[in-house]
Amino acid sequence: MNDEQFKRILFRERNSRKESEELLEVKSLELWELNQSLELKVKERTEELEKTLVDLKASSQAKSDFLSNMSHEIRTPINAILGFLEVMSNSIYEKEHFDRYLAIMSSSGKNLLQIINDILDISKIQSGKFTISIISVDMKTKLEHLISLFGNNAAEENITLEVKFSDDFPSFLLVDDTRVLQIVSNFISNAIKFTEQNGKVNVKVDYSIDTNNLLIEVVDNGI
């Protein structure tokens, strides 16, 4: 082999090595980009799955909280209806008293029906929202009936339960009475629950004509 042949062979080997290195570099870059793309897709998919899991847990918790609250609210009107039925069955008929008992039982039945409708409306559970229905209501009578529902529970614990309305409280208000009564019912129930015997639970009700605000305070001397 002469020098010229050796040079040609060496040149070809060098070119071949250079091409191989360039090809390796290109493929390595392509592989790196592919890995980066794959990592990004895995990260995005993982984040989507984590978000879905969080949403599912939140939805499940919302349903549990909703059903727990509803079961708590269902007991109040049911206990009132059963309580007044027992009172009436053990009492001599007096029209004035019996008419009042029947009015409270009727109000409790309607409230119970509304609560059951809420439970059956799955869309409200899933969305975590309630539909607000504004109507003209005799809120004073409604709240007086609500206070009466807790009368037996308070009496059993020797707790004084009273309601006081402001002197200029209007005869009718435009409110969603079901929602207002649900909220106040929960506050009164908890107030009685955490107030010791011989304690007091006072419900103060006021309405500001200037601001159109209904203010209801449940005040107790419990823990």
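Ser108 counts as buried in this predicted model, with a relative accessibility of 3%. The cut-off for buried is under 20% relative accessible area, so a value of 3% places Ser108 in that class. Ser108 is found in helix 2. What is Ser108 in contact with, leaving aside its neighbours within four places in sequence? The residues are Pro77, Ala80, Ile81 and Leu149.

Helix 2 also holds an aromatic residue, Tyr101. The structure has four aromatic pairs, and one of them joins Phe84 and Tyr101. The two rings are 5.2 Å apart, centre to centre, and their planes make an angle of 35 degrees, a tilted arrangement. Phe84 belongs to helix 1 (residues 3–89), whereas Tyr101 belongs to helix 2 (residues 95–120), so the pair ties together parts that are 17 residues apart in sequence. Are these two residues buried or exposed? Phe84 is buried, at a relative accessible area of 10%, and Tyr101 is buried as well, at 15%.

Another aromatic pair is made by Tyr93 and Phe98. Here the centres are 5.1 Å apart and the planes are 75 degrees apart, which is edge-to-face. The partners of this pair fall into opposite classes of accessibility: Tyr93 counts as exposed, at 54%, while Phe98 counts as buried, at 10%.

The four residues named in these pairs belong together. Ring pairs link Phe84, Tyr93, Phe98 and Tyr101 into a cluster. Within that cluster, Phe84, Tyr101 and Phe98 are buried, and Tyr93 is exposed.

Notes. Residues numbered from 1 in each chain as written. Predicted model: local features only at pLDDT ≥ 70, side-chain atom pairs only at ≥ 80, totals over all residues. Heavy atoms only, no water. Phe/Tyr/Trp six-rings, centres within 6.5 Å; stacked < 30°, edge-to-face > 60°. Helix = DSSP H or I, 4+ residues; strand = E, 2+ residues; numbered from the N terminus. Buried < 20%, exposed > 50% of the residue type's maximum accessible area, 1.4 Å probe, protein only. Contact = heavy atoms within 4.5 Å.
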